[in-house]
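User: I have a structure here and would like to go through it by question and answer. Please keep the replies short.

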Amino acid sequence: MVRLMTYAFFVLLLAGCSVITNVDELKITGAGDSDIDSDTDGDTDGDTDSDSDSDSDSDSDTDSDTDTECVGNGHDEDGDGVDDNCDNCPTYPNTSQADSDGDDMGDACEASWSTGMLNEIAFFESFHPGPSGWTSDGASWTSTGDAVNGSAATTEGRYYNTGNSWGGGAFSAEVVFHYTGPEPAYDPSSTSILFSVQEDGGDTWWWACTLIWNTGYLTVDRYDENVVGPWPYDIVESVASGDDGPREGVWRRIRVFYDGADDLRCYFSNEIGDNATAYVGGVELWSDMSGYGGLWIMGEDVDFESFVVYE
Ligand SMILES: [Ca+2]
Ligand SMILES: [Ca+2]
Ligand SMILES: [Ca+2]
Ligand SMILES: [Ca+2]
């Protein structure tokens with residue numbers, strides 16, 4: 001009886017080996033790897049590389065190039081369907097991501113009159129959920145979740161980024177903002193982007209591009225931090241902005257361009273098509289805007305949506 005059971009066990013064991021051997025032969029036949037597709041890379045996605053997506057390069061995303069890919073942050077500041085971290089112009093809706101000179105900075109945010117002047121987005125702050133490394137000096141500054149609200153009904157105040165080194169050659173900086181209240185009583189109320197600082201005769205001058213609501217002018221100006229009203233401005237250049245659209249609910253953009261030598265431009269636009277450029281030649285800024293880039297309001301209540309530095 002024992003011998004009969006032992007014999008039966010060997011028969012079953014041999015049968016099992018036979019099945020296993022057949023499966024191995026089935027795998028080997030066809031492609032040289034151990035999966036069921038027709039290539040030799042060991043995975044089952046049908047292409048010839050070793051990652052798990054369906055394109056033919058060796059990175060782990062699903063496009064067909066091999067450059068380093070962004071990792072999305074789940075936020076789309078300009079609403080163009082391209083995640084902030086992957087958007088070559090994060091504050092200009094440009095779904096096509098067109099980039100004629102291939103420098104990874106989109107056509108939509110290049111300096112239109114000077115090809116090659118800018119070639120990267122050096123800093124992007126969506127104010128989502130809130131900024132870090134920013135300093136306030138005057139006025140009230142509050143995070144709203146996707147913007148920073150600056151409120152200075154009867155005063156003025158700065159909000160600027162410290163700890164970054166930008167500039168040092170050609171650069172551009174930009175804010176996008178909305179007014180959050182009706183026309184203020186304070187005159188002249190103004191909204192500015194700060195982009196440089198200059199010591200001159202014992203005074204500390206902050207350079208700014210400013211949109212003055214009451215007069216409708218765009219200015220290149222300097223602001224003396226040692227002067228407390230009534231007029232701390234030194235207006236270098238001023239042009240009519242043509243901005244007579246609805247005050248609230250319309251986005252406005254102020255952007256400065258500096259070519260690193262002597263060409264300084266303040267550019268204004270809004271979403272209903274108004275625009276203006278204030279140009280100044282022969283200006284020599286400090287070589288670095290480190291610690292001096294940011295926002296400035298006087299007598300205003302404004303939601304700043306974003307702040308960008310291009311180099
Ligand atoms: Ca986007
Ligand atoms: Ca965009
Ligand atoms: Ca480009
Ligand atoms: Ca924002």
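User: What percentage of the 311 residues of the chain count as buried?

Analyst: This is a predicted model, and its values are computed from the atoms. A residue counts as buried when its relative accessible area is under 20%. Of the 311 residues of the chain, the share that meets this is 46%.

User: How many helices and how many strands does the secondary structure of the chain come to?

Analyst: Contacts between residues 24 or more positions apart make up 54% of those with a separation of 6 or more. As for secondary structure, the chain has 1 helix and 15 strands.

User: Which strand gives the largest share of the largest nonpolar core?

Analyst: The largest nonpolar core has 39 residues, and those with the most contacts inside it are Leu 264, Leu 295, Phe 304 and Phe 307. Beyond its sequence neighbours within four places, Phe 307 is in contact with residues including Trp 134, Trp 166 and Leu 295. The largest share of this core is 5 residues, and these come from strand S6 (residues 171-179).

User: Which residue coordinates both the calcium ion (ligand 2) and the calcium ion (ligand 1)?

Analyst: The donors to the calcium ion (ligand 2) lie at 2.2 to 2.5 Å and include OD atoms of Asp 78, Asp 80 and Asp 87, as well as the O atoms of Cys 89 and Tyr 92. In sequence, the donor residues are spaced D-x1-D-x6-D-x1-C-x2-Y-x1-N. Asp 78 and Asp 87 are both buried. The two calcium ions, ligand 2 and ligand 1, are 4.0 Å apart, and the residue that coordinates both is Asp 78.

Definitions and conventions
Residues are numbered from 1 along each chain as its sequence is written. Chains are lettered from A and ligands numbered from 1 in the order in which they are written. This is a predicted model: local features need pLDDT of at least 70, side-chain atom pairs count only at pLDDT 80 or more; totals for chains, interfaces and linings use all residues. Side-chain values use heavy atoms; hydrogens and water are left out. A nonpolar core is a set of buried Ala, Val, Leu, Ile, Met, Phe, Trp, Tyr and Cys residues joined through side-chain atoms within 4.5 Å. Buried means under 20% relative accessible area, exposed over 50%, partly exposed in between (1.4 Å probe, protein chains only). Helices (H or I, at least four residues) and strands (E, at least two) are DSSP runs, numbered from the N terminus. Contact means heavy atoms within 4.5 Å. Donors are N, O and S atoms within 2.8 Å of the metal (3.2 Å for Na, K and Ca); water is not among the atoms, so sites may look incomplete.
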